[in-house]
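Please open the structure in your viewer and set it to a cartoon representation. The tour below proceeds by selection, one group of elements at a time.

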Amino acid sequence: MAEYLVYSDGGDTRYELVAGELVPMALPTGRHVQIQKFLSQVFEAEIARQQLPWTTIQGGLGIQSPRGNRWATVRIPDGVVLPLEQWQEMGSREALIRLEEPPLLVVEVVSESSRAADYRAKQAEYCVLGIGEYWIVDPLEEKVSLLLLHEGWYDVLELKGSDPVSSKVFPKLELQAGEILAADSGYSGKATGS
């Protein structure tokens, strides 16, 4: 694990650690980046609106995950919502969540190279970690899967078009699956209630 945290191949390639092996992360498409940016804006707007002590991190935080009986896996989600205090504690060390409090919400944006991991391996790993809410945004299939932890496993809601995203982390958020997939940077920060 220590070698992974300081590893550099001399280029800009980012790696996840999967069962002790370095796995290069493919460069995202422009749409992938737009979805990441859009959701970061949505989450930050909702955090500010509700004055929550949370923050959102876009692609810059590792989460150490179990695989089998080993903890030699580090995932780098496309988006993470976590308590601000937890993020601030990482100021002088690697941005890596180990056996700490799990993030409040994790987002993965599917690409051709990550499809199997996003739907299967990461789902199992995030479930074991106790991450209460996991969004899989799939621009290839034009759907958003909302996974909510219930009795040790995820209940999965597949959403398309005008289907509302009923977040437990952000219960007053008014957001539709199609808005996420369109990734319109003109998001107004609308939400129900105050």
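Begin with the open sheet of six strands in this predicted model. Coloured one by one, its strands follow the order β3-β6-β8-β9-β10-β11, and their pairing is mixed.

Next, select residues 54–57 and 153–159, which are β3 and β11. Each stands at an edge of the sheet with a single partner strand, so one side of each has no neighbour there. Looking across the sheet, one finds neighbouring strands turned against each other by 15° on average, direction ignored.

Now select helix α2, residues 30–50. This helix packs on the sheet and touches β3, β6 (79–83), β8 and β9. The direction of α2 makes about 175° with that of β3.

Move to β8 (residues 105–109) and β9 (residues 133–138). How do these two strands run, and how many bridges join them? They run parallel and are joined by four bridges. To view one pairing, display E108 together with I136, its bridge partner in β9.

Keep β9 visible and add helix α4, residues 115–129. Helix α4 lies across β8, β9, β10 (143–150) and β11, and runs at about 180° to β9.

Finally, select the whole protein, which has five helices and 11 strands. Of its 194 residues, 43% count as buried. A surface display shows the accessible area, about 9800 Å², of which carbon and sulfur atoms contribute 51%. Among contacts with a separation of 6 or more, 55% are between residues 24 or more positions apart.

Note on methods: Residues are numbered from 1 along each chain as its sequence is written. This is a predicted model: local features need pLDDT of at least 70, side-chain atom pairs count only at pLDDT 80 or more; totals for chains, interfaces and linings use all residues. Side-chain values use heavy atoms; hydrogens and water are left out. Buried means under 20% relative accessible area, exposed over 50%, partly exposed in between (1.4 Å probe, protein chains only). Contact means heavy atoms within 4.5 Å. Accessible areas come from the Shrake-Rupley method with a 1.4 Å probe; for residues, only the protein chains shown count as cover. Two strands pair if DSSP finds at least two bridges between them. Axes are lines fitted to C-alpha atoms, for helices over the stretch in contact, and angles run from 0 to 180 degrees between N-to-C directions.
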